[in-house]
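Subject: Structure for you to look over

Dear colleague,

I am handing over the structure we spoke about, and I would be glad if you could read the notes below with it open beside you.

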Number of protein chains: 2
Amino acid sequence: MNTLTEENLSGIANQLRIDSIVATTAAGSGHPSSCMSAADIVAALFFGHMRYDVKNPHHPNNDRFILSKGHAAPLLYSVWAELGIITREHLKTLRELSSDLEGHPTPRLPWVDVATGSLGQGLSVGVGMALSARLDKLDFRTYVLMGDGEIAEGSVWEAASLAGINQLNNLVAIVDCNRLGQSQATAFGYDTDVYRRRFEAFNWRVEVINGHDMEEILEVLAAAGLGKQPLAIIAKTEKGHGVSFIADKDGWHGKALSKDEAAKAIAELQPKAKTGVAEPIPAPSDLPWPKNEAPASYPAPTYKLGDVVATREAFGNALLRIGSVDERVVALDGDTKNSTFSDKFYKKFPERFTECYIAEQNMVGVATGFGTRGKVPFASTFACFFTRAFDQIRLAGISGANVKLVGSHVGVSIGEDGTSQMALEDLAMMRAVEGSVVLYPSDAVCAEKLMDQMAQQKGVAFLRTSRPKTPVIYKNEEEFPIGGAKVQRQAAGDKVTVVGAGVTLFEAIKAADALAKDGIGITVIDAYSIKPLGKDVIKAAAQKTNNLVITVEDHYPEGGLGDAVAGELSVDGIRVHKLAIRELPHSGKPEELMAKYGIDAAAIAQKVKSLV
Amino acid sequence: MNTLTEENLSGIANQLRIDSIVATTAAGSGHPSSCMSAADIVAALFFGHMRYDVKNPHHPNNDRFILSKGHAAPLLYSVWAELGIITREHLKTLRELSSDLEGHPTPRLPWVDVATGSLGQGLSVGVGMALSARLDKLDFRTYVLMGDGEIAEGSVWEAASLAGINQLNNLVAIVDCNRLGQSQATAFGYDTDVYRRRFEAFNWRVEVINGHDMEEILEVLAAAGLGKQPLAIIAKTEKGHGVSFIADKDGWHGKALSKDEAAKAIAELQPKAKTGVAEPIPAPSDLPWPKNEAPASYPAPTYKLGDVVATREAFGNALLRIGSVDERVVALDGDTKNSTFSDKFYKKFPERFTECYIAEQNMVGVATGFGTRGKVPFASTFACFFTRAFDQIRLAGISGANVKLVGSHVGVSIGEDGTSQMALEDLAMMRAVEGSVVLYPSDAVCAEKLMDQMAQQKGVAFLRTSRPKTPVIYKNEEEFPIGGAKVQRQAAGDKVTVVGAGVTLFEAIKAADALAKDGIGITVIDAYSIKPLGKDVIKAAAQKTNNLVITVEDHYPEGGLGDAVAGELSVDGIRVHKLAIRELPHSGKPEELMAKYGIDAAAIAQKVKSLV
């Protein structure tokens with residue numbers, strides 16, 4: 001326990017306010033007033049409460065801090081300056097192109113686990129970290145600082161609910177209740193009782209404090225971890241606290257001070273500011289570190305050619321196969337585990353499975369949290385429901401998070417349930433995530449081999465699985481490198497190259513057989529890697545078929561396989577004809593729907609004939 | 001008030017159970033057990049409580065019912081059969097390709113306002129309807145039926161919060177608490193007190209009842225509308241209620257009964273079932289109908305060539321200009337109205353503005369609700385935060401909802417705030433929505449003229465606005481048809497066609513000027529309509545420049561302008577070179593970032609030179 005006096009901690013808080021003002025004024029933009037409301041809380045956490053190795057940000061048992069209100073980034077950077085991790089001069093490079101101190105925190109900085117700035121996501125990540133601590137039997141705590149405006153986001157309540165259900169007493173949420181949003185006051189202002197009742201209803205222990213009273217802050221922090229519930233601290237604060245002409249005043253959100261204003265503000269703060277008074281930070285307790293080592297390899301899948309297995313079930317088999325030898329693997333699902341087949345893993349390794357219930361935003365955030373702790377999280381649900389979490393996936397991309405998403409029940413081939421259950425835009429969504437890998441296997445062997453690589457590769461990866469059973473067409477030894485594609489059919493004199501993936505690959509093969517009877521040869525490509533696209537394979541094939549390509553996808557025409565191929569290969573003069581779902585689909589039998597919307601063998605054959 | 005006896009209502013409920021079983025067994029799939037838990041509630045609503053014109057589903061003052069737990073669709077269809085709207089024979093066509101009775105409800109049916117099936121969205125739509133009723137001084141009520149598993153979705157709590165803030169006592173949420181989810185029991189089972197505390201904490205009046213006790217159901221419904229708060233009814237029910245071998249048993253989610261099981265189930269239900277006993281449904285009260293008529297035209301914008309105006313501000317001007325003569329227009333924002341400029345409308349028409357706070361999922365759902373009531377809702381926030389609501393936007397597309405989304409602060413040209421605030425995947429997202437229109441103006445006149453058309457056109461439309469100020473380059477009389485494009489520069493002998501939009505159009509024009517000095521002519525196209533794409537204009541231009549096209553976009557390379565152009569035109573042998581943001585961008589000055597990531601005039605000129 002740190003024994004720094006409250007006076008010294010309050011002095012450090014004022015120094016953080018000064019540094020936040022200096023940095024944002026130098027930048028000419030930023031959110032100083034949002035830094036100033038939280039300065040006392042943050043000073044208490046970093047200099048009077050948390051346990052961490054200042055020299056080693058990656059110590060597995062460091063307490064974790066998530067600045068969910070990411071626009072207060074300069075406050076966090078100012079802490080590092082006070083800790084001596086960076087210089088005060090460096091603070092003045094805030095928001096410059098050449099500086100690592102960005103407008104919102106990113107993991108480019110070793111002390112930042114995840115990018116924040118899209119509000120309402122930090123608590124989900126914190127839940128993932130807290131669950132990871134429990135799994136690894138580590139005693140670090142996770143502290144998440146949120147704004148009061150921020151907790152209007154539903155994802156916060158998804159996270160709060162799961163934390164309550166799992167009794168995460170190693171998780172602390174702090175709400176910086178400064179009353180003022182960006183464009184107006186929040187809905188509840190200083191009615192902190194509303195927040196108290198909400199967190200209590202979500203099974204949290206709640207303490208309401210004056211967020212500028214260091215004694216109160218330290219007292220409530222000292223009680224963190226007691227009992228079985230997660231702790232929510234509602235801290236009543238003033239936006240711009242400490243400076244008379246800013247404190248609790250409208251019109252100061254996201255506004256840097258002019259040089260003159262900054263001088264006046266600093267003149268008010270300086271007498272109450274202290275620097276260099278920090279005591280050594282208590283080290284994390286010495287507990288066995290989790291291994292989190294990747295095995296050299298995984299056992300091979302064991303299918304027979306001609307077996308009929310849905311790729312969604314192959315995912316479940318792979319998750320169990322990989323998870324049995326790779327302790328880093330954890331799984332999450334949103335009450336669909338008996339449809340996605342993640343329940344195969346759940347039954348064998350319940351302690352490594354998190355049931356997230358029907359709350360996909362939080363599921364992805366929790367997975368991101370696990371990823372930051374060295375786990376390899378596989379989160380699964382119907383692919384269409386990942387659209388619910390696009391913003392969380394977007395931030396996972398910005399964070400370079402190690403998150404594996406597996407979406408089942410894609411396209412019209414799910415059949416009778418109807419449009420709302422059909423993923424027809426998931427490829428467009430996942431391709432547009434920076435650094436993402438997007439995979440779409442056609443058979444069980446391909447699905448399993450891609451799963452092996454997803455587990456070994458770092459970053460955001462998406463596996464698109466299908467509901468219908470499909471025949472195994474690859475041997476267990478076949479390799480499927482990310483960024484590759486497979487030539488399924490090819491002969492001299494082929495007229496067109498047809499590129500399929502998932503269920504449409506089999507339609508293309510059927511079409512090839514039918515067309516062969518009419519003496520028309522086509523090349524058939526399995527584009528199992530949508531991003532990066534196996535473009536060299538497709539290009540080489542296309543150039544042998546007069547640059548003529550037909551793509552066939554169980555997806556809308558925008559942003560999917562067809563756009564990917566055209567976007568990559570039109571520069572080579574390759575002409576891409578897209579077969580895709582071009583209207584709002586209906587309920588019906590899978591084969592009826594694939595025929596009606598023009599992505600079955602007959603539609604492919606007809607298109608080929610129209611071109612040759 | 002309907003005076004049907006409780007015995008008769010319970011009898012009708014059992015008939016609905018029978019019809020739900022018959023329909024799903026005929027279909028061979030579906031969710032009969034989820035219909036059976038809610039049958040008493042639904043019978044009470046439609047035959048003993050709600051006021052509506054059975055013959056006129058579009059009566060503006062009909063009570064509205066939203067089946068948020070859309071998988072119980074057969075229960076709703078069975079109600080219509082009992083009302084005589086459809087035949088019992090027709091129920092047996094459930095889920096067939098040729099039938100309008102789909103697996104989940106869609107607005108293909110006149111009694112359905114919005115598609116449901118992606119859980120947790122109905123309450124937001126209901127909030128929009130309830131706000132619309134208040135705006136139009138109508139006294140209809142909105143009833144939203146949700147499952148207990150469903151309310152784990154954070155969007156439910158976003159909606160609940162806004163309903164509480166606005167004291168929507170014309171809104172009733174009913175939770176069918178049947179304890180069983182899809183893959184396991186819900187987190188709280190029959191602990192209905194958890195739900196009571198949550199809704200109470202969100203400022204709702206809460207009643208917990210036995211969902212199979214008709215007397216209790218009618219009594220609590222009779223008290224709907226009392227007081228100032230919205231009403232939440234937590235109805236404790238049994239999944240599969242009424243049939244001994246299904247009721248409250250695991251393993252019956254989403255499972256149709258076999259013919260034998262159905263016969264056994266119906267044998268149990270038949271003695272307690274009644275049909276044809278319904279009394280005439282009370283008509284809605286006779287109040288003046290809202291006009292909701294589109295004006296013939298809007299006043300023209302009044303800019304001068306050379307004025308420097310950000311398109312985001314032009315949106316604000318247009319919203320005010322259009323809204324001043326079109327009473328259908330309502331606006332919503334997520335605490336960014338002073339950045340998106342929707343505050344221009346808010347200041348003039350506060351009663352037609354809904355502050356949704358920082359909760360984008362709910363904002364889109366509320367907008368959808370307004371749209372169903374004849375309003376033209378414009379919802380605005382930073383474009384990147386619409387990713388938060390992708391699932392709601394997806395369902396709006398399936399609903400054919402009339403929803404206008406306006407996203408500001410796009411791309412690296414926002415500058416210092418950093419990646420988390422930059423929309424770099426919004427074009428990919430919005431293009432992938434079925435039936436959507438995606439617009440991206442470069443100057444203020446174009447933005448205003450596109451706004452006119454968004455207000456007149458029906459469906460989901462997205463306007464992408466920019467943060468930087470740009471010069472007015474079009475006359476106020478210029479027309480910008482949706483699906484068009486503008487030739488900005490063109491001369492005989494041009495070597496390449498450069499397609500830009502938004503900020504990159506001006507970079508392309510600068511590049512044209514620079515290249516002209518080197519004797520290299522390029523055609524410059526303003527692709528203000530991304531979907532539908534102005535492909536004829538682009539194609540015609542490209543064919544005059546040796547089929548050579550360069551697209552330039554402040555967006556990732558996937559799914560945006562470049563993919564749209566290549567996806568449409570590669571079939572014509574047009575070669576599309578994409579300039580886009582190809583790595584995770586950094587904080588910095590807009591012009592620095594556009595240069596660093598290769599979408600500025602210099603990058604365009606360099607690319608042109610590399611090709612000619």
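What follows goes from the whole chain to the pairing of the copies and then to single places.

Please keep in mind throughout that this is a predicted model. Chain A is built from 21 helices and 19 strands. Its radius of gyration is 27 Å, close to the 25 Å that the globule rule gives for 612 residues, so chain A is as compact as a globular protein of that length. Taken along the principal axes, the C-alpha atoms of chain A fill a box of roughly 90 × 50 × 40 Å.

Of the 612 residues of chain A, 69% count as buried, and the contacts tie together parts that lie well separated in sequence: among contacts in chain A with a separation of 6 or more, 79% are between residues 24 or more positions apart. The area that chain A exposes is about 18,400 Å², and 50% of this comes from carbon and sulfur atoms. As for charge, chain A carries 64 positive and 74 negative side chains, and the centres of these two sets are 4 Å apart.

How are the two copies placed relative to each other? A turn of 180°, with a shift of 0.0 Å along the axis, lays chain A on chain B with an RMSD of 0.0 Å. The two copies are thus related as by a two-fold rotation axis. The interface fits with this picture, in that 100% of the interface residues of chain A are also interface residues in chain B, so the copies meet through the same surface.

Turning to single elements, helix α19 of chain B, which covers residues 561-569, is mostly covered, with eight of its nine residues buried. The buried ones include B:Leu561, B:Gly562 and B:Asp563 towards the start of the list, and also B:Val565 and B:Leu569.

A second helix to look at is α1 of chain A (residues 6-27), where A:Asn14 is found. With a relative accessibility of 8%, A:Asn14 counts as buried, and, not counting residues up to four places away in sequence, A:Asn14 touches A:Leu269, A:Lys272 and A:Ala273. To give a sense of scale, A:Asn14 and A:Thr465 are 451 residues apart along the chain, and their C-alpha atoms are separated by 54 Å.

Among the loops, the one between α9 (259-269) and β6 (308-310) of chain B holds B:Ile281. Is B:Ile281 buried or exposed? At 15% relative accessibility, B:Ile281 counts as buried, and, once neighbours within four places in sequence are left aside, B:Ile281 is in contact with B:Phe46, B:Phe47, B:Met50, B:Tyr52, B:Val54 and B:Leu83. By contrast with these contacts, B:Met454 lies 38 Å from B:Ile281, C-alpha to C-alpha, and 173 residues from it in sequence.

The remaining points concern the backbone, and one piece of background helps in reading them. Most residues other than glycine have a negative phi, and most peptide bonds are trans.

In chain A, the peptide bond that joins A:Lys531 and A:Pro532 is cis, with omega at about -5°, and A:Pro532 is found in the loop between β17 (529-531) and α18 (535-544) of that chain. In chain B, the bond from B:Lys531 to B:Pro532 is likewise cis, with omega near -5°, and B:Pro532 is found in the loop between β17 and α18 of chain B. B:Pro532 is partly exposed, with a relative accessible area of 37%, and its contacts, leaving aside neighbours within four places in sequence, are with B:Val437, B:Ile482 and B:Gly483. The C-alpha atoms of B:Pro532 and B:Ala603, which are 71 residues apart along the chain, are separated by 27 Å.

Which residues other than glycine have a positive phi? One of them is B:Arg179, with phi near 80°, and B:Arg179 is found in the loop between β3 (171-177) and α7 (192-201) of chain B. Another is B:Asn546, whose phi is about 55°; its place is in the loop between α18 and β18 (548-552) of chain B, and at 55% relative accessibility B:Asn546 counts as exposed.

With best wishes

Note on methods: Residues numbered from 1 in each chain as written. Chains lettered and ligands numbered in written order. Predicted model: local features only at pLDDT ≥ 70, side-chain atom pairs only at ≥ 80, totals over all residues. Heavy atoms only, no water. Helix = DSSP H or I, 4+ residues; strand = E, 2+ residues; numbered from the N terminus. Rg over C-alpha atoms; globule rule 2.2 N^0.38 Å. Buried < 20%, exposed > 50% of the residue type's maximum accessible area, 1.4 Å probe, protein only. Contact = heavy atoms within 4.5 Å. Areas by Shrake-Rupley, 256 points an atom, 1.4 Å probe, with all protein chains shown as cover. Lys, Arg positive; Asp, Glu negative; His and termini not counted. Charge placed at Lys NZ, Arg CZ, Asp CG, Glu CD. Least-squares fit on C-alpha atoms with pLDDT ≥ 70 in both.
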